[in-house]
Every structure is written in C-alpha cells, then in structure tokens.
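Got your viewer open and a cursor ready? Let's go for a walk through this one, stop by stop.

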Number of protein chains: 2
Amino acid sequence: MIPFKVPLRDMRFLMNEVFDYPSHYAALAPQNPADGEPATPELVDAILEAAATYCEEVLAPLNVSGDREGCQFHQGEVRTPTGFKEAYAQFVEGGWQTLAFPTAYGGQGLPMSLNLLKSEMLGTANWAFNMYPGLSVGCINTLLQYAPESIKQSCLPKLISGVWSGTMCLTEPQCGSDLSQVRTRAVPTGDGHYTLTGTKIFISSGEHDLTENIIHIVLARLPDAPAGTRGISLFLVPKFQFDAQGQLGARNSVHCASIEHKMGIHANATAVLNFDAAHAILIGEPNKGLEAMFTFMNTARIGTAIQGICHAERSYQGALAYARERRSMRSLSGTKEPDQVADALLWHPDVRRMLLTQKAIVEGGRAMVYAAVQISDRVFGAAWRGDHAAYRAGDAELGFYTPILKGFLTELGVEAASLGIQVYGGHGYIQEHGMEQILRDARIATLYEGTTGIQALDLLGRKVILSTRGQCVRDFTSRMRRLATPHLLRTDTLGRLARAAWWRAWQWDRLTWRLLWRARKDRDSIGAASVDFLMYSGYVMMAHCWLQQALVAEKALTQGQDADFYRAKLETAEFYFSRLLPRADAHLLAARASTQTLMQMSEARFGAPS
Amino acid sequence: MIPFKVPLRDMRFLMNEVFDYPSHYAALAPQNPADGEPATPELVDAILEAAATYCEEVLAPLNVSGDREGCQFHQGEVRTPTGFKEAYAQFVEGGWQTLAFPTAYGGQGLPMSLNLLKSEMLGTANWAFNMYPGLSVGCINTLLQYAPESIKQSCLPKLISGVWSGTMCLTEPQCGSDLSQVRTRAVPTGDGHYTLTGTKIFISSGEHDLTENIIHIVLARLPDAPAGTRGISLFLVPKFQFDAQGQLGARNSVHCASIEHKMGIHANATAVLNFDAAHAILIGEPNKGLEAMFTFMNTARIGTAIQGICHAERSYQGALAYARERRSMRSLSGTKEPDQVADALLWHPDVRRMLLTQKAIVEGGRAMVYAAVQISDRVFGAAWRGDHAAYRAGDAELGFYTPILKGFLTELGVEAASLGIQVYGGHGYIQEHGMEQILRDARIATLYEGTTGIQALDLLGRKVILSTRGQCVRDFTSRMRRLATPHLLRTDTLGRLARAAWWRAWQWDRLTWRLLWRARKDRDSIGAASVDFLMYSGYVMMAHCWLQQALVAEKALTQGQDADFYRAKLETAEFYFSRLLPRADAHLLAARASTQTLMQMSEARFGAPS
C-alpha cells in the first residue's frame, strides 16, 4: 500500500511565505459576514494539523479498501464500503463541514479558502470519500443564497453539521453539457409546492447510507417555461420531507434506480435518480435556475481542479517511496550503491524526469489554487454581505482562473497519475500497490463539472472574447511582467526563468489578440483553438507560480534555515521551465493552426460507419 | 457496446498503394526458407478477409464480456472467460497460428509480416485474447532457432498448430528490467536434463484452460554461472512432459500460485509461476540465454507496438460512432441540424480535434508498423536460412525502428484511448459503452516488453550512440529528405508538409549530433534525454509516414476513384503536421535541457519519506 502524509510543509510555504495568507485573512476578518472567529495563523494551523491527522489516520487507510469493495446497490439502497460510515461520523463530529459556513446556521464562519484547502487534504487521502461532503457544499451555498429563510432555518443546520448531505442534479440521459435539453418537469400543486418528475443520471453521492437525509438540488422546467436554458428552474427535493425544525417526515418519491459501474471512484455512488411526482420546493426565481446554479460554479470548479493535485500528490508520494527502495541496474554514470545488488531507481535520470514532472505539477498546481482561492474568499464575503458589485467583480476575476485551473490541472493530474504507474513498471499496473487506482480515480476529473472542452469554451469564448475582449489575460500578464521585470538582467538561473516568464506573458497577449481577431469572422475558430489555448494558458500561469515560489525560496535560502526545502523549490522551478514549459510551444502552434485543419473534413471522410 | 469493423480499406491502402507489399512479397518468395506458397496478392487478400470475419464475428463480441468476467483462479487452475475456449478452438481450426512458420513443422511458410498484420486485427478485436496465441510466437521463434532437432520435432507442430501454447518467463519479484538479478536456478540431473527452481511473476498467458499443454521458456542460472547477465541460460519447462511424438506425460512441477488483479486485460491471465525442481531442457548454449532471448526481440516488441494502434483504432471507432449520433448544443458557426434538438458532436471543432488526433495516430502509426515489418520479413528469412550476416544487417535496421515504435506508439495508444473517453464525456467513464476498458487495457502497453524508459535507453544509448554513432538516424533522415525534396518548392499544402518534413529531418540529425557529443563526457545525459529523444523521433518518423501517405493519396485522387478516402488521407496528414507535429518542439527542447535539471536534486530534497 502506498504511504501517505499530508504535505503540511508545502501548504504552509504557500500560505505563509508565498501568498501571505495571514494578511489576507486579517484583511478579510473585519468584514467577514459569516461572522466567525478571525482566521488567525494559530487557528489556521491548528485546523490544518487536526485535518491532517484525520486524513492520515482515518481516511487514507480506507482508500484502497473502498475501491475494492465499492458501493453496493440493493433495492434502491446504497451501502458504502466498510468503514465509511464510521469515518463519516468522525467527519461530522470533528465539525469538518462547518468551517466556512455562517455561524447563524451552525457554521464556524471561517473563510471559504480554508474549506478548499481542507478539501485538498481529504481528497488526497480518499477522493471518493471526499465527494460525499464535497457535493453538499454546492447545495449549501445555493440554499444560503437563494432559499427562503424558513428553508434555511430548517435545512442548513443539518447540512452544515453534515448530519444531512446534498447533491446537485443536472445531467439527464439525453444531456450533460447541453442543459437546454433538460426535460425534467415540475408542476405547481397550488399550495406553494411542486411535484417534480423526471430522471437524473450521474448524480454523485446521489444515494448512500452516511446521512439520515439527502437534499437534492434539481434543475427542472415549469409547465409554462420557455424552451432552452432560459426555462430552467431550481428545486429542492429532499429524500425525506422535513418540518420547520428539520424533523424528518415522509419518504419522498425520489428513488435510486441503480448506480453506475465506473472506471474508478468506486467508493462514491453515482446514482440514477427517478423523480416520480416528488415533493419539491422552488429555490430562487422561476426560470432563473441556471443562473442560480452557476452562482458559485467558479468555486465549485476549483474544488474539482483540486482533484488533479490530490491524485498527483498521492501518486508522487507512492512513486517516490518506490524509487527510493526498488533497485534496478546501475547508474549510467557509475555504480552509486556498491553494497546493494543494484542502484535505486532514483539514481536513474529518466525516473527523476518522471518524479520531477509529478512534483512540478503538484507544487505548481497547488500554488495556482492557493492564488485563486483567495479570490473565492472575497467572492463569498461579498455574496453573504449582499454586495453585488463586489461579488460580480470578484467572480469575474475568479472566472478567469476557474476554467484554466479546472481544465489544465485535471489533465495534468491524469498525466501525473499515469507517470506514477510508469515509475513502478509492471508493478504499477496491478492492484497491489494502489497506483493504478489513482489513475482510474483521476480520469473522471476532466469529465465532470464541465469537460476540458467545456472549460476551454468558457475560457476563450466567454471569459476572454465575449466578456473582456482579452482584458482578463492582459491583467494577468501585467502581473507576470511586474514579477519578472526586476530580475530580467540577472545572469543566473532565476534571471533565465524571469526572462522566460516575461516572454511567455508577451506571447500570451499576442496569441489572445490573434484569436480575438480571428473570432470576428470565424466563430468555429474559437472551438478550434480553445483547448490548446487553455492548455497554453495553464502552462504559462504555472510558470508564473513557479517563478513566484522560486523568488521566495531564494530569499529564504539566505536565512539559512531549511535549506533543502528551499533548494528543492528552486530546482523544481528550473526543471519546470526547462522541461515542461516548452510544451506551451506545441499548444501555441496548435492554437494558431487554421480552423480548416479541423473543419474541412466532411462527415463521410471520417470513415464508414462500422 | 462500441461497434467494430476491421479497417481493411486502410490496411490495403498501406499494403498495395504505399508500401508495395506485392513486390516485397514477390522479392521474398524465391528465397523464402519457410518454404510455403508464395504470398500472392490474392492469397494475402483472402487471408485478410477471413481473419477480419473471425475478428468481427467471434473475437470482438467477447471483448467486453471477457473484461467483466475476467480470468478465475482456483487451486492452481485458471478458467478463461466464457466463450474464450470456443473462440480459441476456432483459432486453431482456422490455422491462424500457422501462417508464418516453416512448413516443416506444420506452418504455412508465409512471411512474418502477415502474422503481425493479422495480430493487429485480432488485437483490435480483443487484445486480451490475442495475447494467448501472441505469447506463443516468441516461444516458437526461440525454439526454431535454438532448440535441438528432437525438441523441434516433438514440440513445434503442437505449438504451431496452436494445440499447445507457450510463454516467456523473465521477470522475478525482485527484478524486471534488470535481468542481471535473476535468481531462478537450474541444476543438471546427469541425464542431460535439468531441474529448475524459482519464482517467475507477470507471466502473461502463464496458465489457462485453452490448450492441453503450455511450454514455458525460462531464464535461469546454472550452478557455475557467472554473476550478472552473462550467467543466464534458457530452459524449456513444459507444464506436462512430452515424448518424442509430442504425447503428453507426467505433470511437471511448475504451478500457478496466483494470478494478478490488474487494471485491465482482465481476460488474460498474468500468472505467478512457482518452479519446484521442475523438469527442464536447456535451449541453446549455457550462459548465452539472454542473447537467445533477444534474438527476435525486435519483432516481438513490434508486436507490442501494434497494441497502441489496436486500442487507438477501437477507441476511434467507438468515439466516431458516438460523435455522429449524440447531439449536444449548436455549432458555434450556426445551427447545422435544424430538425434535431441539437447538433451532433461531430460539428464541434474540439470534438473533431480529438477524433482527428485519434485518426492521425492510428493511420500514421499503422504506416510506421507496415514499413517496419517488411524488414522483419527479411530478418526471419535470413535467420531460417542461417545467413548470419543478412540477419545481423536486417536486425540492426529493424532495431532502429523497434524502440521508437514500441515506445512512441504505445504512449500514443494510451492518449488515443483516453481521448475516446473524453468524446463520450461522463458516458466514457462508465463501463456501459466499453470506452474505459480500452484505456485500462491500453495502459499496460508502455510497461511490458520493456517500459518506455527502457525503449528509450535502447534507442539512444545502444542503437544511436553505441552501435552506430548516429548513422541509423542519418540513414532514416536521408530517406526523409529524398521523399520531401522533389516537393519543396510547391506552393500548396503538400509543399508545406514536405518542407516541414525536410526541416525536421535536418533538426533530428542535429539533435542526434548534440546528444552524441554530450554523451562523451556525461553518461547521465543519455538517460536524461532518452525519452524525449524517443518521442521526438516518433513524431518525426510519423511525419515522414504521413507525407508518404499524402503523396500517394494525391496521385490516387487524380484517378478519380474513392475520392473521399484519399481526401481524408490528405486532410489527416495536414491535421497531423499542423496540430500534432508541433509537439516535437517540446520534446526537442526537453531533450536538449541540461542533465543537471534532473540530477542536481539530492535524494533528500525530493521530499521527506512519508
């Protein structure tokens, strides 16, 4: 079984040394409308420590057994794998769901970023488990923003404590990305309620035995709703009805018809839910459901971006342990361990290439997330305060990061997980070491919460072209240049890194202009360039984050403490710029290639139907 | 379930139009020592047609059920999935194992390439099944070359008919790539036989219920053997002993201790074999086992390279069918199917990008294989004739292709399989459509028969630097230039492709010189550049193959027939050069990066042991 330790030292480096979370939290505190204790460094540290212990001791050991046993479905009920109920009870007892929600409903009123950082730890230990409380977060945020106060009073304390859980029900058999095709219908009953009928599929955590109730947030159409996405409303459909005090009542007519047999995340139940005139409560305004659903979508998607880092981290820890202990052949530059039958894998340059690729992805990706979730804190602060202008500004800023992080980091998470297998050789392909599970679990991340293709259209089509005419890129590249400029004339490694970052910033602007220009007359050019533009953006943004880390590490090295840690940051940054960032060139050229290279082929020429 | 059709039109295009197999086979025939009928175009075509029918009707339908049921292990016996025994009986009855082996032992004496092309069809239909007869091929070839005539007489007719099967037993728990650590021991009994003791793992097709006997070819050490790879001998260890007529005798003491639980290829049994003073026969000379084992390694590895194409083809067929039938959103450039609720996925540029990536990989990769296996024919011809000089020359030529094809095509096969999932969105992640199985099955291919890292060291360290000082690259790049030069001044698309190919040929030479130079003083630089050099070589070699196909297609278009087919070739070539070949740049830069970027990090700086 692969070992697991929460990378607290790396997390603290980003929080305290790179992104100055203490000041960020201090600035947030006075206006924190969730109204909890201030997130002092001591409190934050205590939370991280306690979460790490829970992850290492309780969740991580259930990761492999959860995969092998999987969820069992029997007559509408789902049994989670052995140990999950107990682990979830400890989750509730520890108050781990309460961190970032308002104290008025039983939360601790801490910043949302803390919840996301906690979620990285839980997800690295056991992603399938993390999805049970994880799905609740979207449900809670939606209710906090749109539900009538009576529902908030009855529902939220249960959801926030974790005694109940929640889901988001969007996908139907005929539609996933294209929600305009939603067919589920809700009919008013005359008493202010609705009856909801339809089938939802791919509902993560849609049925399970961890909580006494499950609150489904469901997209459906009212009888008089316009066609398309403008006729979709949002409903709350509980598994068990409840009264004003949150006491459970009748079983509602929403039933789990089956759970999917999936490539991975076997321990999380992906449910087919049949709603058969189920009792439903309208949330928010009629026909504005999609808008409501997307209110906190940016933060939710960052929650999925984190999955890329989780699997990369876990896979790196496993691969590194194996590379240290497994001995194979002698180093090309001469025997390194004469007392051993052969040299450890870690002596071989190509094994180092794989490990450093994983390390650069994990630590570079984590930095991207830690930068973005600070914006999340501002977005949530504004939302709870009802400051619409501040919310919109923050959300727009976050909206630039979201598709890049979600698309790019989940793609790289899959790569890192696959490299972890590769380091193990044939031993990576068998269940025994747990490495192949990481790839199977990671593979979902580029699909749900909007595929990479959807993220890319959101980034290039909506965020870059439609909403900002490229301004969002220019804002970021200005920051890149500001960071790099003071170091451009240096003759050492950091000078080289700074020049590369500066140059990529310029190139990113230029690519953006080119694509903006082309999209004026050629709409297909957006989709033709989008994924390569997203991947390009990801590599360049990660370069910026590595330069940030390298500059901090360089300074810290002069203090003389923890030299190995800081030197590793510098060396990983150098590796990233030398060996991974060049991939941006391939994406640049592909993004610039003509639309015709994709569109000229007629349907028939793709090949005869088989 | 995903549909499946053997791509006969594509195969014939390569055989008859691009690589002129009719002439190649005609030139081979007079000296064909396997002494069968000449491989006339009519005979070849009849074989391809019959194999296609068998694959589509018998093997393909067992692919998904075989994965779900898997192999069952019980008290040393392995039960293959339902239907495999019957399908294998049909395989034997059809004489499918006999194609390329000498008539003297019951073969048909046809060229080895035909066997490899047949193996692509079988593998695309059902890779796990294909591995049962596939592993026999290495065993048969080894015996043909090294076994005493009495063993050939008793053993080979059974193996060649397929009534028996064979394995290759190299890996042990403590060693895979590093065979110098082999511990299995063979002790002479005094009567010319040996007793062999040890444990072998990861033995594909190592135990099953398809054949009445299994012949294991086993690496082991004699009592007085020198340490390391120079002390390894080759033994034949039968599951059941046999007499001179091939009649079965006593059960030998080789037993299957368990089979592995793997990520994929569930229908192929990966056995742990315990040899407990098993009756063994020495094959070839003492202590020269590794040499014997590697005699046909190049061809065997091309057999694994084909796996990349198999999965890419199957995944492409599945993804294309889905992209034609699934409807989601409207095309960015305006509604394309007004009568439908939404436009088919195939209208969306990014879906086309994914499909064309798969198509370019499959058809470009297949062309690489079809070029290489012609050399295989010459190698085998020379080997059976006993013409050592011709064998060595042919094997050296093939040896340049082998690591590139094995490393590059299996890596791209994994990518193509993953893209097939991506086209399906969430539906790709569930078992139902069979797309996730393709990725799970494909993932093994970069690991066995030498990992990508091992292939890369073989290519750069052995083939390019040690054996030829770069001459093998220069030979290939001269061919590239000869093909491209006449078209350099053209102003159309093909001119652009020709110039790109010409330029890459020059760049490949230059990169090779640079790495040769660097390796003189820095041995680690070989391992540091190797995988990027291999991937770079793969992309450039594939570009050459696409230019070849494009030039043939252009000429054929002037004949006016089958225009869609040839236009598709041209358009896929253009796609490849515009959108995939740029990746070569990233590998070029990474291959040129300093060794220090990998080697400077101390062991401790990789991170604390967790």
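**Stop 1: a histidine in a loop**

Select B:H261, which counts as partly exposed because it has 14 C-beta neighbours inside 10 Å. The scale behind that word runs like this: 20 or more other C-beta atoms within 10 Å of a residue's own is buried, 12 or fewer is exposed, and in between is partly exposed, with C-beta atoms placed from the backbone. You'll find B:H261 in the loop between β10 (254–259) and β11 (270–283) of chain B. Helices (H or I, at least four residues) and strands (E, at least two) are DSSP runs, numbered from the N terminus.

Which residues does B:H261 touch, leaving aside its neighbours within four places in sequence? Show A:I430 and A:Q431: B:H261 is in contact with both. Contact here asks for C-beta atoms, placed from the backbone, within 7 Å. Now click B:L144, which is 117 residues from B:H261 in sequence and 33 Å away in space, C-alpha to C-alpha.

**Before you go on**

Residues are numbered from 1 along each chain as its sequence is written, while chains are lettered from A and ligands numbered from 1 in the order in which they are written. This is a predicted model, where local features need pLDDT of at least 70, side-chain atom pairs count only at pLDDT 80 or more, and totals for chains, interfaces and linings use all residues.

Try colouring chain A by pLDDT, the predictor's confidence in each residue, from 0 to 100. Its mean is 96, and 99% of the residues of chain A reach 70 or more. For the complex, the predictor gives an ipTM of 0.97 and a pTM of 0.98.

**Stop 2: where the chains meet**

Show both chains together. Chain B puts 86 residues into the contact and chain A puts in 85. On the chain B side, pick out helix α18 (residues 563–580), which supplies the largest share, eight residues. Colour that side by class and you get 38 nonpolar, 27 polar and 21 charged residues. Ala, Val, Leu, Ile, Met, Phe, Trp, Tyr, Cys and Pro count as nonpolar, Asp, Glu, Lys and Arg as charged, and the others, Gly among them, as polar.

How does chain B map onto chain A? A rotation of 180° with 0.0 Å of shift along its axis superposes them, at RMSD 0.0 Å. The two copies are therefore related as by a two-fold rotation axis. The fit is by least squares on the C-alpha atoms of residues with pLDDT of at least 70 in both. The same surface serves both copies, as 99% of the contact residues of chain B recur in chain A.

**Stop 3: the domains of chain A**

Hide chain B and colour chain A as domain 1 (32–293), domain 2 (296–450) and domain 3 (470–597). These bounds come from an automatic or database domain assignment. The centres of domains 1 and 2 of chain A, taken over C-alpha atoms, are 25 Å apart. Their contact takes 23 residues from domain 1 and 26 residues from domain 2. On the domain 1 side, select α4 (62–69), α6 (112–125) and α7 (127–146), each giving at least two residues. The largest share, seven residues, comes from α6(A).

**Stop 4: a hairpin**

Still in chain A, select β8 (residues 240–242) and β9 (residues 248–251), which pair in the antiparallel sense over two bridges. Strands pair if DSSP finds at least two bridges between them. A:F242 stands opposite A:L248. Of the five residues between the strands, click A:G246, which takes a positive phi near 80°.

Key. Contact = placed C-beta atoms within 7 Å.
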